[in-house]
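Visitor: I would like a close look at one part of this protein, with the reasoning spelled out. Here is what I have on my screen.

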Amino acid sequence: MSNFWEIKKRDYYWTAIELKKHLPQLKGTSADEIVDNLRGSGLGIVSQESKPKPFWVRLSLPFGLIFILLLFVTLPIKFMLTGTWGYEWEWMSNWFNALGF
């Protein structure tokens with residue numbers, strides 16, 4: 001199954017400390033110098049952490065199976081009416097990705 005991620009925007013000082021940990025070339029520079037260079041760059045720094053799946057996602061698995069079968073059966077009818085294959089519903093795609101389909 002796919003993972004859920006918590007994404008946080010980080011400030012430049014946190015970024016400077018992390019860069020000093022991971023890049024040996026920055027060991028001699030201070031965190032303030034790195035922060036000054038980052039402020040001038042206009043970069044946005046984010047970090048991500050893996051989160052467990054919510055209970056409601058695991059609980060909705062049987063409904064997801066029924067719904068995906070229903071969509072598959074009605075796909076030819078949708079093609080005859082609209083002329084396009086597939087469904088462009090973002091909420092449905094997110095839900096199916098969360099279920100691992």
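My request concerns Glu6: does Glu6 count as buried, partly exposed or exposed, and what is its relative accessibility? Please take me on from there to whatever connects with it.

Guide: Happy to. Please keep in mind that this is a predicted model. Glu6 counts as partly exposed, because its relative accessibility is 28% and the partly exposed class runs between 20% and 50%.

The partner of Glu6 is a good next stop. Glu6 forms a salt bridge with Lys51, and the closest N and O atoms of the pair are 3.1 Å apart. This contact links distant parts of the chain: Glu6 sits in strand 1 (residues 4-10), Lys51 sits in strand 2 (residues 45-51), and the two are 45 residues apart. Lys51 has a relative accessible area of 38%, so Lys51 is partly exposed.

How many salt bridges does a search of the whole structure find? The search finds three, so let us visit the others, with the cut-off in mind: a side-chain nitrogen of Lys or Arg has to lie within 4 Å of a carboxyl oxygen of Asp or Glu.

One of them is in helix 1. Glu18 and Lys21 form a salt bridge there, with 3.2 Å between the closest N and O atoms. Both residues belong to helix 1 and are three residues apart, which is about one turn of the helix. Their exposure classes can be read from the areas: Glu18 is partly exposed because its relative accessible area is 21%, while Lys21, with 53%, is exposed.

Another is in helix 2. The side chains of Asp36 and Arg39 meet in a salt bridge, at 3.7 Å from N to O. Here too the spacing is three residues, about one turn, with both residues in helix 2. Asp36 has 49% relative accessibility and therefore counts as partly exposed. Arg39 has 55%, so Arg39 counts as exposed; the boundary for exposed is over 50%.

Those two helices also pack against each other. Two packed helices are described by the angle between their axes and the distance between the axes. For helix 1 (residues 12-22) and helix 2 (residues 31-41), the angle is about 120° and the axes are 9 Å apart. Helix 1 and helix 2 are therefore oblique to each other, since 65 to 115 degrees counts as roughly perpendicular and over 145 as roughly antiparallel. Their crossing is right-handed.

From Arg39 we can step across to Asn97. The C-alpha atoms of Arg39 and Asn97 are 36 Å apart in space, and the residues are 58 apart in sequence.

A further helix pair is helix 4 with helix 5 (residues 90-99), which pack at an angle of about 125° with axes 11 Å apart. Helix 4 and helix 5 are therefore oblique to each other as well, and the crossing of this pair is left-handed.

Helix 4 brings us to the last stop, a nonpolar surface patch. Leu61, Leu65, Ile68, Leu69 and Phe101 make this patch, which covers about 420 Å². Among these residues, Leu69 is found in helix 4 (residues 61-82). Leu69 counts as exposed because its relative accessibility is 57%.

To come back to your starting point: Glu6 is partly exposed at 28%, and its salt bridge with Lys51 joins strand 1 to strand 2.

Notes. Residues are numbered from 1 along each chain as its sequence is written. This is a predicted model: local features need pLDDT of at least 70, side-chain atom pairs count only at pLDDT 80 or more; totals for chains, interfaces and linings use all residues. Side-chain values use heavy atoms; hydrogens and water are left out. Patches are made of residues with over 30% relative accessible area and no salt bridge: like charges are joined within 9 Å, nonpolar side chains (Val, Leu, Ile, Met, Phe, Trp, Tyr) within 5 Å. Accessible areas come from the Shrake-Rupley method with a 1.4 Å probe; for residues, only the protein chains shown count as cover. Helices (H or I, at least four residues) and strands (E, at least two) are DSSP runs, numbered from the N terminus. Buried means under 20% relative accessible area, exposed over 50%, partly exposed in between (1.4 Å probe, protein chains only). Axes are lines fitted to C-alpha atoms, for helices over the stretch in contact, and angles run from 0 to 180 degrees between N-to-C directions. Angles under 35 degrees count as roughly parallel, over 145 as roughly antiparallel, 65 to 115 as roughly perpendicular and the rest as oblique. A crossing is left-handed if the near helix is turned anticlockwise from the far one by less than a right angle, and right-handed if clockwise.
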